[in-house]
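Visitor: I'd like a close look at just one part of this protein, please. Take me through it slowly, and tell me what sits around it.

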Amino acid sequence: MPRILVVAPNWIGDALMAQPLLARLGGAEIDVIAPEWVAPVMRRMPEVKSVIAAPFRHGPLQLRERWALGRELKRRNYDQAFVLPNSWKSALVPFFAGIPRRTGYVGEARYGLLNDPRKAPEAPMSEHYARLAGNGPLSQPRLRVSAEEVEQAKRKFGIAARYAVLCPGAEYGPAKRWPYFAELSRQLPVPAIVLGSQKDREASEGINGTDLAGKTSLDEAMALIAGAQFVVSNDSGLMHVAAALGRPQVALFGSSSPAHTPPASPAARVLWLRIECSPCYQRECPLGHFRCMKEMGVEMVLNQLKTIS
């Protein structure tokens, strides 16, 4: 059985969109290096044997730390590495580990660090990653969360009744954040639970329900999403978590495109207005009008919810 090391993407959503690659490596023993904030998601993927939480921060090269981890992993005798981020530094650990075949997209001119470099295709993100392992069926991401984990999370946060999950944040910036979650929360048929990181506290203000943004671990957030009647979210990491858990959801797109990063689930409904300047992929609306989100009314979301809940 071949032993493979995968350097995971740095964002939760991207990590989930990389799961079809892992599925195409069927029959291999797969270990994953992932940032600490992504590692909980990777641990719930059935294809992964073990996860190495990388002690690296955004920004610094941390060459000594990468060399030390690479030399430690050399003892595992991996046959191949897949480096999914495009950065030069993300390819250092497999190089230091002496892994004989190091595969990834060229990215930041990583010739030498990668000895099996590929040219990136024009494709949705899931296919983008999966093509590194060749052609074949494209599986849907899936995560494992037990019923007991769901009940434990509900008990911890005092949740007894049926509930919806709202995810009003988006790490990339304001242009991805729908501005009407508070209004939506007052019209839902069930109570709302608000999930997100500490950075989403401002986006969660005014929402009618139990505000748990910044108050849960990622594992707890995944458990609460797994138990939700439905989820409404922006294009964010938690959107992809909901899709991987098979929850009914409405996904709201503004500055980004569902053609590129869709929620990969038959239970998902996508709202995207396709106005002439969208997708712009900017953190803030470059034209100042934010029509891609402001013209997406609450009634549109409620109509979509009627088709799934």
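Guide: What follows is a walk through a sheet, two helices and a cavity, with a few side stops at the end.

This is a predicted model, so local features need pLDDT of at least 70 and side-chain atom pairs count only at pLDDT 80 or more, while totals for chains, interfaces and linings use all residues. Residues are numbered from 1 along each chain as its sequence is written, and side-chain values use heavy atoms, with hydrogens and water left out.

Let's start with the sheet. Six strands line up in the order E9-E8-E7-E10-E11-E12, in an open sheet with parallel pairing. (Strands, E, of at least two residues and helices, H or I, of at least four are DSSP runs numbered from the N terminus; two strands pair if DSSP finds at least two bridges between them.) At the edges you'll find strand E9 (210–211) and strand E12 (268–272), each of which pairs on one side only. Now look at strand E7 (residues 164–167) and strand E8 (residues 192–194): they run parallel, joined by three bridges. If you want a spot to click on, Leu166 has Val194 as its bridge partner in E8. Cys167 is buried too, with a relative accessible area of 1%. (Buried means under 20% relative accessible area, exposed over 50% and partly exposed in between, with a 1.4 Å probe and protein chains only.)

Next, helix H9 (residues 218–226). Seven of its nine residues are buried, so H9 is largely enclosed by the rest of the structure. Those buried residues are Leu218, Glu220, Ala221, Met222, Ala223, Leu224 and Ile225. What's covering them? The cover includes helix H1 (12–17), helix H3 (39–43), helix H7 (147–156), E7, strand E10 (231–234) and helix H10 (237–244). So E7 and E10, which belong to the sheet order, turn up again in the cover of H9.

H10 deserves a stop of its own. Eight of its eight residues are buried, so H10 is mostly covered. From one end to the other they are Gly237, Leu238, Met239, His240, Val241, Ala242, Ala243 and Ala244. Its cover includes H1, E7, H9, E10 and strand E11 (249–253). Notice that H9 and H10 appear in each other's covers. Just after H10 comes Gly246, which takes a positive phi of about 70°.

Now for the empty space beside this helix. A search of the whole structure turns up one cavity of 30 Å³ or more, and the largest cavity has a volume of about 50 Å³. (On a 1 Å grid over the protein atoms alone, a cavity is a set of points where a 1.4 Å probe fits but cannot get out, and lining residues have an atom within 4 Å of a point; grid points are joined across faces, edges and corners, and the volume is the space filled by probe spheres set on the points.) Its lining is made up of Leu16, Met17, Ser126, Pro141, His240, Ala243, Ala244, Pro262 and Ala264. H1 and H10 are the elements that give two or more residues to this lining. H10 supplies the largest share, three residues. By class, the lining has seven nonpolar, two polar and no charged residues. (Ala, Val, Leu, Ile, Met, Phe, Trp, Tyr, Cys and Pro count as nonpolar, Asp, Glu, Lys and Arg as charged, and the others, Gly among them, as polar.)

Two side stops before you go. Gly70 sits in helix H4 (residues 63–73) and counts as buried at 0% relative accessibility. Leaving aside neighbours within four places in sequence, Gly70 is in contact (heavy atoms within 4.5 Å) with Val93, Phe96 and Ala97. Gly70 and Arg118 are 48 residues apart in sequence, and their C-alpha atoms are 22 Å apart in space.

The other stop is Gln80, in strand E4 (residues 80–83). Gln80 is buried as well, with a relative accessible area of 12%. Not counting residues up to four places away in sequence, Gln80 touches Arg3, Ile4, Leu5, Ile99, Arg101, Thr103 and Asp116.

Conventions: 1 Å grid on protein atoms, 1.4 Å probe; cavity = no way out; pocket = protein on both sides within 12 Å on 5 of 7 lines; lining within 4 Å.
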